[in-house]
Amino acid sequence: MTTQPDTVTGAGEAKLSATAFAATDVLAGDIDTVEQAAKTPDELQPHTELGLKDDEYDRIRQILGRRPTASELAMYSIMWSEHCSYKSSKVHLRQFGEKAPKNTRMLAGIGENAGVVQISDDLAVTFKVESHNHPSYVEPYQGAATGVGGIVRDILAMGARPVAVMDPLRFGAADHPDTARVLPGVVAGIGGYGNCLGLPNIGGEIVFDPTYQGNPLVNALSIGVLPVERLQHKEAAGIGNIVVLLGARTGRDGIGGVSVLASATFDEGAEQRRPSVQVGDPFMEKLLIESCLELYDAGLVAGIQDLGGAGLTCALTETAAAAGTGMRVWLERVPLREASMSPTEILASESQERMLLIVNPDKLDEVLAVAEKWGVWATAIGEVTPSETEGEPGRLVISWNDHVVVDVPPGSLADDGPVYARPIREPGDLILLQADRAETLPRPASPEELRETVLRMIASPNLCDKTWVTEQYDRYVLGNTVLAQPEDAGVLRIDEKTGLGVALSVDGNGRYARLDPYEGAKLALAEAYRNVVVTGAEPVAVTDCLNFGSPEDPAVMWQFAEAVRGLADGCQELGIPVTGGNVSFYNQTGAAAIHPTPVVGVLGILDDVAKRVPMGFPPPPGAEGDLLFVLGTTTDELSGSEWAWVTHGHLGGKPPKVDLAAEQRLGKLLAQAAEREFVVAAHDLSDGGLSQVLVESALRRNVGAKVTLPGDARTAPFVWLFSESAGRALVVVPRGHETAFRALAEEHGVPVTALGVTTEEQVLDIEGQFAIGLDELRTAFTGTMRRLFGGPAELGAESATVASVSAISATADPSFTSAPITAAGPSEAAGASQAASAQGAPSSDAVGSSQAAGASEIASSASGGSNTAGVSGTAGVSGAAGGSGAAGGSEPAASLPGGPVDSSPAQAPAPSDKATEAEKPTQD
Amino acid sequence: MRIGVVTFPGSLDDGDAARAVRIAGGEAVRLWHGDADLHGVDAVVLPGGFSYGDALRCGAIARFAPVMETIVDAARGGLPVLGICNGFQVLCEAHLLPGALTRNQHLHFRNRDQHLRIGTTETAWTSNFTEGEEILIPVKNGEGCFVADTKTLDALEAEGRIVAWYTRGNPNGSQRDIAAITNEAGNVVGIMPHPEHAVEALTGPSLDGLGFFTSALRHLAGAAGGQLTGGATR
């Protein structure tokens, strides 16, 4: 288990609160010990406040043969939360294993921190995507930053050096004021953490849709590389081995993250959960990475587990349960940021940048020396113990200053959580929604209308240039980035000697999945697969992040079940296994769930990255230009499309048909064409259709194209330009290779349509229809993000032709206006009011006064610890910055990593300059 | 020729700098911040990153690292030193170069391929370029805005110590578009953009960054042959 909390326990109606964790200790008098629990069986315990249902609480009593202590109760509430136990999703996720195609590459799969895939005799890669949605809404900068930190530690725990990150992001309407609060903070948080870790950011997505207004999706993917023999395990094996806590000291941040924050749908009091958001320190994580890698290489680690969501509780129980051993832990040895922390708080803290090591006693000194070299804390906090009874697993016994506060079978926490087969029911509105097809909407017909539509589409928030975001990420560090955004897939060189590398893409489409979650999941898989194959790579493995509403809503559960079935079937058909991932439930505001949003990552292998195929048209070799072909079949498929959304605010009908066998044929063709160097550029066709792809490929290197659209001149050009039929790609073939390429395509059964040529003239010329200069396209394509979010104005005299973009009416787009659309209505309305209240009350004080009881409860607990106080303080600043609207490039005020005064043992005081910088006015 | 690359806690582009040295034909020697011994290297690169987490100010702590005390002395004696990004910040904090690098004017981290115009070839690190030559290398920083008082800026210009200017756009608001400067002797150069990320066609926007490393090797070869002593000729 790792990063943080995103899903939450089925909290139902219970009012969850982080203070309940502290309160449990207090309720029980001084310190609630096992001895006392046995003596006072009838003492009332706040299990509902901690998200546990009555029957779950009864089961805990049954397992222990007594009431749980305060600490035990907290641990069960955490480990049995939706986030940790997968209690609602487990029965469905089994399909990924059952339907998994045979695969000899997989060295570790589902259930591990991340899946591990062998890519050569001696090298393997590990990759996974996770969600950090709720923390990123509550506190965008820290939420997103610690999302990166968490997934990176998962990768590290497998024995790998993390080598890149990617971030699929989904926000509310682009012009909604709250999006101006959330997006800049999230982007700066991802950049602030990833850049400081020295990990290139090589891809991702940025999607706007009112469905995410009150619940943005911040998913984070990381990939790492390891020598096959360095693969690490989490088992706490070896009786007598020492349990070592490595990394940052434990503080009060993130307490209850998995159960309280991820815990439930957001209501109007989201701000008061800021203390449940963790605070990241990327410098500490960088030191942690380097020290762990040094420990692995020296063979000093018998087992390792990262601490993320659920903190020590999760790491202790999972390592012990995996090995079947017992564990004895002395909690007072845990280095603390705040001496006043109770045992329950120590166990529940989600402080970042920590790892749990299992170390042979003979090697302890060497481990401590490595930690000292890198300036990180390393503390022996316990030891692996034998089972008392033969054949039975051992027990986890935790004491605090001579009081035994926990005595449990670790497996009961880690493995034997509740499992629910929740009711499922197809959403009542689905039939009507599917009947409302976009194919019947009025279409542009005249050349002038088509021209205008192209310009309007490329300037729309979902299709426009995202450099505003991606240039805040380092894509060069480590020197192995071969392709990065805006390319279809990120491509990394893994082995400098042989050129062996990987391609990675991550995709999702919530609108498609809303219309048909089964097909929508397959379409997400198909798109990620296609994005990988256009680079010439061979797809080998899948990771997924399943973002859904509340599992307690049968309609949401139906969407989830359908999406999982679709993804499992799709993977089976494509012959590539799901190696790991994450489920994020409770993504909804009030009663309105987000669109079901399965996000799928596909990993491919390139034997020689020098042969990768980029997306941009290369400069034409001569006056004649290279040849353009569309591969695949284009039909009249516009339901769920970007065109229907941008021009009509429409969502209805059935998504494009997906034919995975055809995708596979396309993939094989592209791999061979790349290998034989028949294609010099290739670009996947998806959102926005051919129009989008022509514009992106032309602008990438400023090369024009002359295109003849096939078919009937009256209607066909529109379909050709904007249909989102799956299984297609645009390729550029040098003239000398045309015959060979066509023959190869025929051999693979992939339809080829000649489209035209690339040109030296910097114009996109759709013959018989319209022509648009690349300067005009560029102006439309690149202006949107800066207009929305302000920030990096050009400081020098950058050339850029300035054509008027005002003709493209941005405000007419539904992604801008946040108008309720079809079935998304309720969600949007609720989201808007939610966001509006956040907007109106940017400071935490104001929120406190409007949230009476709950907030003051938090405030009083926060005042006890400078740490939590710091978190809510910075969050308040961030909110205020957002309140100034899109004008300021609101560089996240909350960029303070490690708020508390925490002089770590190295020569490294907590960074503070950034915070002071951030408090300056941010208007450009 | 042996070129040392220093690793501080939080250095990130150290591996890339070492790779660039190797591709240029030199031998890269990794130096550790806590070790004052330079192990006989002929030149030193201070790489990009966030040394000591950028605590206090970028480069402010690194300046006091044991290895820096040796480097400062050696640099005063003519040892060629190239500070890239965070390395530039360290050189300013160590007073080997004038001025300071502050938060980008627009307050965002920015990563892009950046055009530079070479201002002087009379340094240990730029002799393989031509004056006025335009090159393209990546820039990526959050605190790369070069500032100094007017007198210092005037002096840098008058003495030909501006090694490179940003051109076709200034990515961070640096005064007078300054991207790189050198000391009076020409052996110490600080540059905000990243030449080490433009040394391979596969991974960089150009091969223009290689010139900095081949210049140093040429300079060292010249020094070894007795043609040059103590930094570049001016």
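In this predicted model, A:Gly326 stands opposite A:Thr385 in strand S11 of chain A. The two residues belong to a pairing of strand S9 (residues 326–330) with strand S11 (residues 377–385) of chain A, antiparallel over four bridges. S9(A) also pairs with strand S12 (residues 396–400) of chain A, here in the parallel sense and again over four bridges. In S12(A), A:Ser399 is the bridge partner of A:Trp330.

**Six-stranded sheet, chain A**

- Six strands of chain A make an open sheet with mixed pairing, in the order S14-S15-S16-S21-S17-S18.
- Its edge strands are S14 (481–483) and S18 (578–584), each of which pairs on one side only.
- From one strand to the next, the twist averages 20°.
- S14(A) and S15(A) run antiparallel and are joined by two bridges.
- A:Thr481 stands opposite A:Leu492 of S15(A).

**Backbone exceptions, chain A**

- Most residues other than glycine have a negative phi, and most peptide bonds are trans.
- The peptide bond from A:Gln485 to A:Pro486 is cis, with omega near 10°.
- A:Pro486 sits in the loop between S14 and S15 of chain A, the two strands joined by two antiparallel bridges.
- A:Tyr586 is not a glycine, yet its phi is positive, near 65°.
- The loop that holds A:Tyr586 runs between S18 and strand S19 (588–589) of chain A; S18 is an edge strand of the six-stranded sheet.

**Nine-stranded sheet, chain B**

- Chain B has an open sheet of nine strands, ordered S2-S1-S3-S4-S11-S10-S9-S6-S7, with mixed pairing.
- S2 and S7 (134–141) of chain B are the edge strands, and each pairs on one side only.
- The twist averages 25° from one strand to the next.
- Strand S1 (residues 2–7) of chain B pairs with S2(B) in the parallel sense, over six bridges.
- Within S2(B), B:Leu31 is the residue opposite B:Val6.

**Aromatic contact between chains**

- Over all chains, the count of aromatic pairs comes to 13.
- In one pair, the rings of A:Trp374 and B:Trp32 have their centres 4.9 Å apart and their planes at 80°, so the pair is edge-to-face.
- A:Trp374 lies in helix H14 of chain A and B:Trp32 in strand S2 of chain B, so this pair joins two chains.

**Second largest pocket**

- The second largest pocket holds about 1000 Å³ of space.
- Its lining numbers 42 residues, and those nearest the centre are A:Arg161, A:Val163, A:Leu478, A:Asn480 and B:Arg19.
- By class, the lining residues divide into 19 nonpolar, 16 charged and seven polar.
- On the chain A side, S4 (161–171), S6 (217–227), H11 (282–297), H14 (364–374) and S15 (490–493) each supply at least two lining residues.
- On the chain B side, helix H1 (14–24) and strand S2 (27–32) each supply at least two as well.
- H11(A) gives the most to the lining, with six residues.
- Domain 1 (83–414) and domain 2 (430–791 + 799–812) of chain A each contribute at least three residues to the lining.

**Elements that recur**

- H14(A) and S2(B) each supply at least two residues of the pocket lining, and these elements also carry the tryptophans A:Trp374 and B:Trp32.
- S2(B) is also an edge strand of the nine-stranded sheet.
- S15(A) contributes to the pocket lining and pairs with S14(A) in the six-stranded sheet.

Conventions: Residues numbered from 1 in each chain as written. Chains lettered and ligands numbered in written order. Predicted model: local features only at pLDDT ≥ 70, side-chain atom pairs only at ≥ 80, totals over all residues. Heavy atoms only, no water. 1 Å grid on protein atoms, 1.4 Å probe; cavity = no way out; pocket = protein on both sides within 12 Å on 5 of 7 lines; lining within 4 Å. Points joined across faces, edges and corners; volume = space filled by probe spheres on them. Nonpolar A, V, L, I, M, F, W, Y, C, P; charged D, E, K, R; others polar. Domains from an automatic or database assignment. Pairing = 2+ DSSP bridges. Axes fitted to C-alpha atoms, helices over the stretch in contact; angles between N-to-C directions. Phe/Tyr/Trp six-rings, centres within 6.5 Å; stacked < 30°, edge-to-face > 60°.
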